[in-house]
Amino acid sequence: MSTEDDKPENQPPDPPPDSQWKLLVFYLCFYGFMGQIRPGESFITPYLLGAEKNFTKEEVTNEITPVLSYSYMVVLVPIFLLTDYLRYKPVLVLQCLSHISIWLLLIFGTNVLAMQFMEFFYGITMAARVAYSSYIFSLVTPSRYQRMASYSRSSVLMGVFISSVLGQLCLSVGGTTFMTLNYISLGFMCFALVLTLFLKRPKRSLFFNRSDPVCNGTSPSELDKMKPGKPGWQKASAWQNMVIIRMLKELASIVRLPQLRLWSLWWIFNSAGYYLILYYVHILWNDIYSTTDNRKVYNGGVEAASTLLGAITSFVAGYVKIRWTVWSELMIAIVTAFQAGLLLLMSTTGNIWLCYIGYILFRSSYQFLVPIAIFQIASSLSKELCALVFGINTFLATVLKTIITVIITDKRGLALSVHPQFYVYFGYFTLLAVVYLAASLYVAMRHNVCRKPQEAPPVEELCSPVVETLGKDKSTELASSEA
C-alpha cells in the first residue's frame with residue numbers, strides 16, 4: 001500500500017480551499033443540527049400504539065418495524081454509490097424529502113401498509129447519512145479533516161440531544177399531543193429541505209469525480225498510487241471502470257491484518273445487535289409501562305440522556321491508551337459481556353426506570369468502542385479504502401440484521417413478541433462475549449510465546465503487523481463521521 005514516500009515528485013498538490021470555506025462549513029454544520037430537530041421521533045412507537053393510531057403490538061412488532069431493516073439493506077449500496085457520483089447534495093435533498101414523507105405518512109396514514117412505507121422512507125434517510133458525513137471533506141484540505149469531522153459530528157449530536165429534550169418538554173411540561181409533535185417535526189424537516197437547496201455542490205468527490213489536475217490542481221487519489229506507472233488521472237474513464245476491482249484487490253492484500261479483521265468483525269456482529277435493540281426498545285418500554293398519560297412517557301428524556309452519555313464515552317475513548325494489539329479482544333469481551341448483562345436486566349425487569357438505565361448504559365458502552373474501532377480500522381488505510389471497508393462492514397451488518405429480523409421478528413418467521421426477542425438478543429451478545437474472551441486468551445498465549453525468545457533488544461510487535469501510531473493522517477475522521 002502506498003505511503004508518503006511513494007508519492008511521485010511531480011504529483012500535483014492538494015487543491016487550495018475555497019476562499020469561503022469557513023462559511024460553507026458553518027452552514028453545513030447548521031444544516032446538520034437543524035436536520036436532527038425531530039421532537040416526535042422518540043415517541044413514534046407510543047404514537048402508533050396509542051389511541052391516535054391504535055395499531056396492535058403484533059402489527060408494530062412483526063409487520064411494521066421489520067420493514068426498516070429490509071429497506072435499509074436494499075438502498076444502502078445504491079445510495080453509497082450515488083452519494084459520490086452525484087456529489088452529495090442531491091442525496092441530501094433526497095434525505096430531506098424522505099423525512100418529509102415519513103411525517104406525512106405518520107400524520108395521515110391509517111393502515112399498516114402506510115406505516116410500512118413510512119419505515120421504507122426511514123431506511124432511505126438512514127442510508128443517506130453518508131452524504132452529510134462525507135460532504136464536509138470536500139470543502140477543506142486534508143490538514144483540516146480532523147477538526148472539521150469533530151465539528152460536523154458535534155453538530156449532529158447536539159441536534160439529536162436538543163430534539164429529544166424539546167420533545168420531552170413539550171409532552172411533560174407543555175402537555176402537547178403526539179400528533180402536535182409530528183406537525184412540529186414536519187415543519188423542521190421542511191425547513192431543512194430549504195437549507196439543502198442553498199448548499200454548494202462540490203466539483204469533486206472521493207471516487208467518481210476526480211478532476212483533471214491540469215485544470216484545477218486536484219491531486220490523484222491514493223488508489224492511483226497503488227500501481228506505479230501511468231497515472232490514473234490521465235484516463236478518468238478507465239479509472240472509474242476499474243476502481244472497485246482495484247480497491248478489492250488492495251483489500252485482499254491487507255485483510256490479514258489482525259486488528260483490521262478483529263474490529264471489522266466487531267463492527268459487523270455488534271452493530272447488527274445494537275441496531276436491533278434500538279429498533280425494538282421503544283416497544284419493550286411500552287410493554288413494561290403502558291400509560292395513556294402522555295406526560296408520563298419519558299422516551300425523549302431517555303434518548304437525550306443516552307445521546308449525551310454516548311458522546312462523553314466516545315470522547316473518553318480517545319484518551320484510552322493501552323496496547324491494543326494485545327488487549328483489544330479482552331476489552332471487546334468485557335464490554336460485550338456488560339451489554340449482555342444489561343439486556344438481561346432490560347428483558348426481565350418490570351421497573352421501567354431500570355429498563356431506561358439499562359438502555360442508556362447499553363448505548364454509551366457501544367459508543368465507547370466506536371471511535372476505537374474507527375481508528376484501528378482506518379489507521380492503516382487510505383481514504384478510499386477506509387470508505388470502502390466501512391461501507392462493506394455496514395452492509396454486512398445490515399444483511400446480518402435483516403436475517404435475524406426475518407427469523408426472529410417477521411410474521412413469516414417466528415414472529416416473537418418483544419420480551420422473547422430480548423432474550424434472544426441477550427443470548428446473541430453472550431455468545432459474542434464468550435467468543436471474544438476465547439480469542440483474548442489465545443492472543444495472550446501467543447503473545448507470551450512470541451515474547452520469550454526475544455528478551456534481548458526489544459522489537460516491534462511480532463504477533464501483529466499493525467503499528468498503532470496516532471500520527472497517521474489517513475482520513476480516520478472520514479470514517480468517524482460516517483460512524
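The paragraphs below go through a predicted model, from its overall make-up to individual helices, contacts and salt bridges.

The protein has 483 residues, and 53% of them count as buried. Its secondary structure consists of 18 helices and zero strands. Among contacts with a separation of 6 or more, 84% are between residues 24 or more positions apart. The accessible surface is about 21,800 Å², and carbon and sulfur atoms contribute 65% of that area.

Two helices can be checked against the expected span. Helix H1 covers residues 21-34; at 1.5 Å a residue its 14 residues should span 20 Å, and the end C-alpha atoms are indeed 20 Å apart. Trp21, Leu24, Val25, Leu28, Cys29, Tyr31, Gly32 and Met34 are the buried residues of H1. Helix H9 takes in residues 178-197. Its 20 residues should span 28 Å at 1.5 Å each, and the end C-alpha atoms are 29 Å apart, which agrees. The buried residues of H9 include Phe178, Leu181, Asn182 and Ser185 towards lower numbers in the list, and also Leu193, Leu195 and Thr196.

Met179 belongs to H9 as well. Leaving aside neighbours within four places in sequence, Met179 is in contact with Tyr47, Glu52 and Ile107. Tyr47 is 132 residues from Met179 in sequence, yet the two C-alpha atoms are 7.9 Å apart in space.

Helix H12 (residues 258-288) contains Asn286. This residue has a relative accessible area of 13%; because that is under 20%, Asn286 counts as buried. Apart from residues up to four places away in sequence, Asn286 touches Pro46, Leu49 and Lys57. Lys57 also forms a salt bridge with Asp287, where the closest N and O atoms are 2.8 Å apart. That pair links distant parts of the chain, with Lys57 in helix H3 (residues 57-64) and Asp287 in helix H12, 230 residues apart. Lys57 is partly exposed, with a relative accessible area of 32%, and Asp287 is partly exposed, also with a value of 32%.

The structure holds five salt bridges. Another of these joins the side chains of Glu303 and Arg363, at 2.9 Å from N to O. Glu303 lies in helix H13 and Arg363 in helix H15 (residues 352-378), so the bridge ties together parts that are 60 residues apart in sequence. Glu303 is buried at 10% relative accessible area, and Arg363 is buried at 14%. A further salt bridge pairs Asp410 with Arg412, again at 2.9 Å from N to O. Here Asp410 counts as buried at 3% relative accessibility, whereas Arg412 counts as exposed at 70%.

What of the cysteines? A search of the whole structure finds zero disulfides. For Cys96, the nearest cysteine sulfur is that of Cys190, 9.5 Å away. A disulfide requires sulfur atoms within 2.5 Å, so Cys96 is in no disulfide. Cys96 is buried, at 2% relative accessibility, and Cys355 is buried with a relative accessible area of 0%.

On the surface, Leu308, Ile312, Phe315, Val316 and Tyr319 make a nonpolar patch of about 540 Å². Tyr319 sits in the loop between helix H13 (299-317) and helix H14 (324-348). Its relative accessible area is 58%, and because this is over 50%, Tyr319 counts as exposed.

Technical notes
Residues numbered from 1 in each chain as written. Predicted model: local features only at pLDDT ≥ 70, side-chain atom pairs only at ≥ 80, totals over all residues. Heavy atoms only, no water. Helix = DSSP H or I, 4+ residues; strand = E, 2+ residues; numbered from the N terminus. Buried < 20%, exposed > 50% of the residue type's maximum accessible area, 1.4 Å probe, protein only. Contact = heavy atoms within 4.5 Å. Areas by Shrake-Rupley, 256 points an atom, 1.4 Å probe, with all protein chains shown as cover. Expected span 1.5 Å × (residues − 1). Patch = residues over 30% accessible without salt bridge, like charges linked within 9 Å, V, L, I, M, F, W, Y side chains within 5 Å. Salt bridge = Lys/Arg side-chain N within 4 Å of Asp/Glu carboxyl O.
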